[in-house]
Amino acid sequence: MNNKKIIFVGIIEDRLSTVDFIKGLLITFEYQLIYSNATGNIMILSNDNINLIPISMKPMEAAEVDKFGFEFDFLIINIIDSKFVKDTFLKTKFRNCDYYIINTDEDNLNLLSIESLDGIVITYGFNSKATMTISSHIIDQSMEASLCLQREIITLFGDRVSSFEFIIEIQSKNKDHIYSVLAASILSLVMGEKIQLEKTIKI
């Protein structure tokens, strides 16, 4: 992989969707997909400077991740089923990530005991307290959503991204996919992609 920076992104979710939206969004910013496994839950996305490796795991798969020795730079928690019985294993694992991107419409913050994390926590969801939220959305044959970054965030490269709003269009009628789009958008911003310069992004 040459001298490119390698970034591992762990994604904990019940359904395989966030990793696909990360792929779709980053391809619009000139990343190339250079590897995907047969199930589509592990990919390598590459640009001139970075090899990004997102790995999507179901919650019980994440419980076994220590066996493989992965050290994630980012952790995305997109558990959206309130009936899911949340295990306590996350309280002791995934302690050393640089960034935590967490869906807070569910009670996911308590999974990590965030007061003891060294990394930066960025939240998303429909709730008004989230760092990135949805100001409006329309679902017809596809979905159009206005997303709003409500607080400044710092990229991996030390740049500051101020509050702004943008429109994203996706080929889906599943409202839950908005959560995956929010997570993918935050990841892209932290990676330094200039989403704020785009009026409308289509995936």
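**Buried residues and pockets in a predicted model**

Colleague: Which residues of helix α1 are buried?

Modeller: In α1 (residues 18-28), Thr-18, Val-19, Phe-21, Ile-22, Gly-24, Leu-25 and Leu-26 are buried, that is, under 20% relative accessible area, where exposed is over 50% and partly exposed in between (1.4 Å probe, protein chains only). Helices are DSSP runs of H or I with at least four residues, strands runs of E with at least two, numbered from the N terminus. This is a predicted model, in which local features need pLDDT of at least 70, side-chain atom pairs count only at pLDDT 80 or more, and totals for chains, interfaces and linings use all residues. Residues are numbered from 1 along each chain as its sequence is written, and side-chain values use heavy atoms, without hydrogens and water.

Colleague: Why is Asp-176 called partly exposed?

Modeller: Its relative accessible area is 32%, so Asp-176 falls between the limits of 20% and 50%. Asp-176 sits in the loop between β12 (164-170) and α3 (177-190).

Colleague: What makes a residue count as lining the second largest pocket?

Modeller: A lining residue has an atom within 4 Å of a point of the pocket, an open set on a 1 Å grid over the protein atoms alone, with protein on both sides within 12 Å along at least five of seven lines. Among those lining the second largest pocket are Asn-41, Ile-55, Met-57 and Phe-70. Strand β4 (residues 50-57) gives the most to this lining, with 3 residues.

Key: On a 1 Å grid over the protein atoms alone, a cavity is a set of points where a 1.4 Å probe fits but cannot get out, and a pocket is an open set with protein on both sides within 12 Å along at least five of seven lines; lining residues have an atom within 4 Å of a point.
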